[in-house]
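Hi everyone, thanks for making time. I'd like to walk you through a structure that may be new to you, so please have a look at the view on the screen before we start.

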Amino acid sequence: MRYTLRKSEGRKSRWRFSPGIRLKLIAFLLPLVFLLVVSVAATVTRITDSAIRRDLLQRGVAISRVVAFSAGYSLLSGDRLALDSLAAETKNSAADIEYVSIRDMGDTVLAHSRIEERGKGYLRPAGAKPLGTFVDTRADEAMEGGRALIEFTTPILFSGKRVGTVSLSLSKKSLVTAQEGIRRSIIIAASVVLGIALLSTLALASVITTPVKKLSSGVNDLASGATFRPIPVRWGDELGELTRNFNRMAETILAQQNRLSRYAKEVEEAYVSLVRVIAASIDARDPYTLGHSTRVARISCEMGRKLGFSGEELEHLEKACLFHDVGKIRTPDDILLKGYSLTSPEVVEMRAHPGDGAEILRMAPSLHRYIAVVRSHHEWYNGQGYPDGKKGSEIPIHSQIIALADAFDAMTSTRPYRKGLTPGEAIEEILRFRGTQFSPELTDVFVRMAKDLPVLETEEWKGMAL
Ligand SMILES: [Fe+2]
């Protein structure tokens, strides 16, 4: 049983009952089986009731006729003792015989299994309902003393002439008992059949729903991008064929997805390579900043390691460093190479490069993750930076790291108009801007790291910057 949340347009969200295939099968099959079993049980009950009743009537008619046949001679010869004996023995011959009465032509009781009835006139039981006549015996349904019985009345014939009447009654208790016994057996049998039908329906539902559920799970895995494993095919029917086709389709989709991912990675790598080339070209426009982006990347990644960045974060940080000044491709050479005493319009032009870099990265969806970092690498911790005046935690942490590395590399680089600072002097300068241009916490991490920065020991660094 499942419940799903469906949201209809213009309506409030509400839970809707959505029964699964198993429940639908059970709901459809069980009532059918129930109706079938009940109708079969009712028919069997009716037939057995009828058979039991017929047997009782046949037995009563037979006994009554035998008594009538036996009583003929004794009646004519006036042998009352023989008639008494016949009535008593007949009564004792079966437990369900209520009484036996032998009467003469005037309906006076000559012999009776109840001695007190002898000599009385015959009284037909009140409310007797005729059930029919069988050969020469009439059967009536009646009540006597609160007990239901059937009275059989047979004429006593001698030489073809009627000389008296025999009445014999059978209790219906045995009939009711037999019917109840049969009904009990039928109810037990019907319950067993219903139980088996329920189990069979559940088994059938399971046989049908298990492969469907596996297919549904496979579709979900495929749709969500989770690891997909081919669904085992255990059936040779239509569901098995469907599963085989689904596996083939999933393999095709996954192969295409892998191909697309590979293409996307190749495109991204090509674009990154292009941007690396552009970054290197920009650095190369000024011989004194040659290798700047690469050095900023090395310092920043060292700091990222001190901060406990993951491998993926370090890769992200390294690329952001390579891209950080890519916007300078739009900065004219005379401004880029001037380096000092810029006029106000030139400062505006120079300060456009973080925004320009963000615009360039916006052209490739796979590089969108670097846009915010590149745009904010000249923001100040106190909000006095550019281009957006962000401050504190509004500035991405990668931008704050790049800002420190960028400043350190710029200060330690020698320019035509000034000699580069020593690392120690640059650190002192950075500390002067702790809490204004740079984050206090990151400044402290940077200073601790810079004192034993391995990259400063390399020939490349010494040659380029110090
Ligand atoms: Fe920059």
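**A short tour**

Let me begin with arginine 432, which is exposed, its relative accessible area being 58%. Please keep in mind throughout that this is a predicted model. Arginine 432 pairs with glutamate 429 in a salt bridge, and their closest N and O atoms are 2.8 Å apart. Glutamate 429 is partly exposed, at a relative accessible area of 25%. Both residues sit in helix H12, residues 423–432, and because they are 3 residues apart there, about one helical turn separates them.

How many salt bridges does a search of the whole structure find? The count is 21. As a reminder, side chains of opposite charge can pair when their charged atoms come close.

Let me pick two more of these pairs. In one, the side chains of aspartate 136 and arginine 65 meet, at 3.1 Å from N to O. Aspartate 136 belongs to the loop between E5 and E6, while arginine 65 is in helix H1, so this salt bridge ties together parts that are 71 residues apart in sequence. Aspartate 136 is partly exposed at 25% relative accessibility, and arginine 65 is partly exposed too, at 36%.

In the other, glutamate 98 meets arginine 147, with 3.0 Å from N to O. Here the link runs from strand E3 (residues 97–104), home of glutamate 98, to arginine 147 in strand E7, 49 residues apart. Is glutamate 98 buried or exposed? Glutamate 98 counts as buried, with 14% relative accessibility, whereas arginine 147 is partly exposed at 38%.

Now to the metal. Which residues are the protein donors of the iron ion? They are Asp325 through OD, and His353, His377 and His378, each through NE2, lying 2.1 to 2.4 Å from the ion. Along the sequence, these donor residues follow the spacing D-x27-H-x23-H-H. Two of them, histidine 353 in helix H9 (residues 353–362) and histidine 377 in the loop between helix H10 (371–375) and helix H11 (397–412), are 24 residues apart and link distant parts of the chain. Histidine 353 is buried, at a relative accessible area of 2%, and histidine 377 is buried as well, at 1%.

What is the geometry of the iron site? The site is irregular, with angles of 82 to 166° among the 4 donor atoms. A tetrahedral label would need all angles to lie between 85 and 135 degrees.

The loop between H10 and H11 also holds proline 387, and a cis peptide bond joins tyrosine 386 to proline 387, with omega at about 10°.

Two other loops have backbone details to look at. Valine 135 has a positive phi, near 60°, though it is a residue other than glycine. Valine 135 sits in the loop between strand E5 (129–134) and strand E6 (137–144) and is exposed at 68% relative accessibility. Serine 159, not a glycine either, has a positive phi of about 50°. Serine 159 is in the loop between strand E7 (147–158) and strand E8 (161–171), and is exposed at 69%.

Last stop, helix H1, residues 21–77, where we find aspartate 49. Aspartate 49 is buried at 12%, and beyond its neighbours within four places in sequence, it is in contact with Gln179 and Arg183. Helix H1 also contains phenylalanine 34, which joins Leu35 and Val38 in a nonpolar surface patch of about 290 Å² accessible area together.

Notes:
Residues are numbered from 1 along each chain as its sequence is written. This is a predicted model: local features need pLDDT of at least 70, side-chain atom pairs count only at pLDDT 80 or more; totals for chains, interfaces and linings use all residues. Side-chain values use heavy atoms; hydrogens and water are left out. Donors are N, O and S atoms within 2.8 Å of the metal (3.2 Å for Na, K and Ca); water is not among the atoms, so sites may look incomplete. Four donors count as tetrahedral if all angles lie between 85 and 135 degrees; four count as square planar and six as octahedral if opposite donors are over 155 degrees apart and all others between 65 and 115; anything else is irregular. Helices (H or I, at least four residues) and strands (E, at least two) are DSSP runs, numbered from the N terminus. Buried means under 20% relative accessible area, exposed over 50%, partly exposed in between (1.4 Å probe, protein chains only). Contact means heavy atoms within 4.5 Å. Patches are made of residues with over 30% relative accessible area and no salt bridge: like charges are joined within 9 Å, nonpolar side chains (Val, Leu, Ile, Met, Phe, Trp, Tyr) within 5 Å. Accessible areas come from the Shrake-Rupley method with a 1.4 Å probe; for residues, only the protein chains shown count as cover. A salt bridge is a side-chain nitrogen of Lys or Arg within 4 Å of a carboxyl oxygen of Asp or Glu.
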